Amino acid sequence: MIEGELVRLRALRAQDAEHHLRWRNDPEVVHWATGGDPCFGPVTEEAVGLAFETMLRLNPRESAVFTVEDRADGTVIGMADYRDLDPFTGLATVGITIGERDRWGHGHGSDALRLLVGHLFGAFGLHRIELDTWSGNERAVRAFTKAGFREEGRRRSTVLVAGERHDTVLFGMLREEWPGNGWGTAH
């Protein structure tokens, strides 16, 4: 378990599937998490079940999915993941989704991102971590910047949201840019 100020990251459990099913079938969560990508949702219970069979067997040397819990009351509020971990280049891609709308805008996603980045730089000794969002998700852009990520570029007109084109905004952080202290401790 990795503890932060507002949240903790813990290993994914089979019973977390019910939360993922709810979030991936919530149009507002799908909108903000992926720009409305139909591959994210809506989904069936069977599809989430198949995905969970894979996620529960991920090799943490390559990728992992964590459950994000609110420290105040233990409520499951989201998920955090890393993937494409390359130990040779020291690179990984991360993602954060806070699925409980009542926790949006209160710093839970930023805290989860800081914990995940701290874990990857600390435990794996990575050199670089990257992530992206779509240009209309200004809340994510602010959270990524607040966490110390730098916008590195854009893939123009790659996301279609409600008939309008948006850019994919690419962010990165190098190990030497990581503040490093006070980002949570593993328990």
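Q: What makes up the surface that the protein chain exposes in this predicted model?
A: The protein chain exposes about 9800 Å², and carbon and sulfur atoms supply 51% of that area.

Q: Why is the protein chain called as compact as a globular protein of its length?
A: The globule rule, 2.2 Å times the number of residues to the power 0.38, gives 16 Å for 187 residues. The radius of gyration of the protein chain is 16 Å, close to that value, so the chain is as compact as a globular protein of that length. Its secondary structure comes to five helices and nine strands.

Q: What makes strand β4 mostly covered?
A: A residue counts as buried when its relative accessible area is under 20%. In β4, which comprises residues 76–86, eight of the 11 residues are buried. In the protein chain, 45% of the 187 residues count as buried.

Q: How do you know that β3 and β4 pair?
A: Pairing requires at least two bridges between two strands. Strand β3 (residues 64–70) and β4 have six bridges, in the antiparallel sense, so they satisfy the criterion for pairing. T67 has M79 in β4 as its bridge partner. Five residues lie between the strands of this hairpin, where G74 takes a positive phi near 75°.

Q: What makes β4 and β5 a pair of strands?
A: Seven bridges join β4 to strand β5 (residues 91–98), and the criterion is at least two, so the two strands pair. They run antiparallel, with D86 opposite L91 in β5. Their hairpin has four residues between the strands, and G90 takes a positive phi near 70°.

Definitions and conventions
Residues are numbered from 1 along each chain as its sequence is written. This is a predicted model: local features need pLDDT of at least 70, side-chain atom pairs count only at pLDDT 80 or more; totals for chains, interfaces and linings use all residues. Side-chain values use heavy atoms; hydrogens and water are left out. Buried means under 20% relative accessible area, exposed over 50%, partly exposed in between (1.4 Å probe, protein chains only). Helices (H or I, at least four residues) and strands (E, at least two) are DSSP runs, numbered from the N terminus. Accessible areas come from the Shrake-Rupley method with a 1.4 Å probe; for residues, only the protein chains shown count as cover.
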